[in-house]
Amino acid sequence: CGIEFMCSVFSIDGLMAVDPFVKRHKIASSECQWRQLVGEALHTDKEVIVSTGGLGMCEVDDLYDFYGDDVVFLNCACNYPSRLVDYNWSQVYIEESDRWGVSDHTPFGVASLIGCALGAEVFEVHFDALDVGIETPDSAVSMNGMELKDYAHTIAHMYRPYAVGGDDAYYRHRRRLKATQPITTGTRLEIGKNCGWYRSITRADKKPIFPKAVNPCCGIVTGK
């Protein structure tokens, strides 16, 4: 059916047990500060996804300082169901991480929509595969099959602005990096000084890039 098997792990023994059967590892919020477990997951050379529910901004900052972009962090709230204000929209996720996501415990996947607008790329929701009405601790936030289908469709289309309006809208709403002053090979580009982000107006801009792809503090040294 094209669905990849994945499993959260809560111990090193559990990690070793599921490792042969998964392409990536998920660490739950309850274990996110257990550095030995996260370290062992990283040693498998597979993608490691870590939820950060219950952590304050300083604690999230500390985790990012320690692991950097070796780990995909999920913005998470531990209560079921969650409110948007329960989430820690830390700058670590939005401005520093190369890739981050949302573990969504809000009704109707509202947190995912906010995360999508802010640049999240990984989304986790609860899904009732049996859909037989059995009450579980996460029933309040679990989707049925139709709800999951609608959710996935919505997230996919939020990354496709060209879905409405055709290809013209796709090019019109992307931005590209343009020089605002003459530059030569080796010039250090600085946003707001000698370059800026401008909308891609023509179809010649075949590969427009997102502003989040460049850290303006570091700059880019031009090539040829």
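Me: What makes glutamate 47 and arginine 24 a salt bridge?
Reply: This is a predicted model, to start with. In it, the closest N and O atoms of glutamate 47 and arginine 24 are 2.5 Å apart. The cut-off is a side-chain nitrogen of Lys or Arg within 4 Å of a carboxyl oxygen of Asp or Glu, so a separation of 2.5 Å qualifies.

Me: And where do glutamate 47 and arginine 24 lie along the chain?
Reply: Glutamate 47 is in strand 3 and arginine 24 is in strand 2. They are 23 residues apart, and the pair links distant parts of the chain.

Me: Why is glutamate 47 called partly exposed?
Reply: Its relative accessibility is 23%. Buried means under 20% and exposed means over 50%, so glutamate 47 falls in between. Arginine 24 comes out as partly exposed too, at 22%.

Me: How do you know that lysine 26 and glutamate 124 form a salt bridge?
Reply: Their side chains meet at 3.0 Å, N to O. With a limit of 4 Å, the pair therefore counts. Lysine 26 sits in strand 2 and glutamate 124 in strand 6, so this contact ties together parts that are 98 residues apart in sequence.

Me: Is lysine 26 buried or exposed, and what makes it so?
Reply: Lysine 26 is buried: its relative accessibility is 4%, and the line for buried is drawn at under 20%. Its partner glutamate 124 has 21%, which means that glutamate 124 is partly exposed.

Me: What about glutamate 121 and arginine 99: why is that contact called a salt bridge?
Reply: The N to O value for these side chains is 3.5 Å. That is within 4 Å, so the label holds. Glutamate 121 is in the loop between helix 5 and strand 6, arginine 99 is in the loop between helix 4 and strand 5 (100-103), and so parts 22 residues apart in sequence are tied together. Both ends are partly exposed, glutamate 121 with 38% and arginine 99 with 31%.

Me: How many salt bridges does a search of the whole structure find, and which residues are linked in a network of them?
Reply: The search turns up seven. The network links Glu4, Arg24, Glu47, Arg99 and Glu121.

Me: What makes phenylalanine 108 exposed?
Reply: Phenylalanine 108 has 78% relative accessibility, and exposed means over 50%. It lies in the loop between strand 5 and helix 5. Its backbone is worth a look as well: phi is positive, at about 65 degrees, although the residue is not a glycine.

Me: Which other residues make the nonpolar surface patch with Phe108?
Reply: Leu84, Val110, Ile114 and Leu118 join Phe108, and the patch covers about 450 Å².

Me: Why can leucine 84 be part of a patch when it is called partly exposed?
Reply: Leucine 84 has a relative accessible area of 35%. Patch members need over 30%, so 35% is enough. Exposed needs over 50%, so leucine 84 still counts as partly exposed. Leucine 84 is in the loop between strand 4 (71-76) and helix 4 (91-96).

Me: Proline 81 lies in the loop between strand 4 and helix 4 too. How do you know whether its peptide bond from tyrosine 80 is cis or trans?
Reply: Look at omega: the bond from tyrosine 80 to proline 81 has omega near -10 degrees and is cis.

Me: What makes aspartate 45 exposed?
Reply: Aspartate 45 reaches 72% relative accessibility, against a limit of over 50%. It belongs to the loop between helix 2 (35-42) and strand 3. Its phi is near 60 degrees, a positive value in a residue other than glycine.

Me: What lines the largest pocket, and which residues lie nearest its centre?
Reply: It is lined by 32 residues, with Glu4, Met6, Phe123, Glu124 and Val125 nearest the centre. Elements giving two or more residues to the lining include strand 2 (24-27), strand 3 (47-51), strand 6 (122-124) and helix 6 (145-158). The space in this pocket comes to about 1,000 Å³. By class, the lining has 18 nonpolar, seven polar and seven charged residues.

How values were computed. Residues numbered from 1 in each chain as written. Predicted model: local features only at pLDDT ≥ 70, side-chain atom pairs only at ≥ 80, totals over all residues. Heavy atoms only, no water. Patch = residues over 30% accessible without salt bridge, like charges linked within 9 Å, V, L, I, M, F, W, Y side chains within 5 Å. Areas by Shrake-Rupley, 256 points an atom, 1.4 Å probe, with all protein chains shown as cover. Helix = DSSP H or I, 4+ residues; strand = E, 2+ residues; numbered from the N terminus. Buried < 20%, exposed > 50% of the residue type's maximum accessible area, 1.4 Å probe, protein only. 1 Å grid on protein atoms, 1.4 Å probe; cavity = no way out; pocket = protein on both sides within 12 Å on 5 of 7 lines; lining within 4 Å. Points joined across faces, edges and corners; volume = space filled by probe spheres on them. Nonpolar A, V, L, I, M, F, W, Y, C, P; charged D, E, K, R; others polar.
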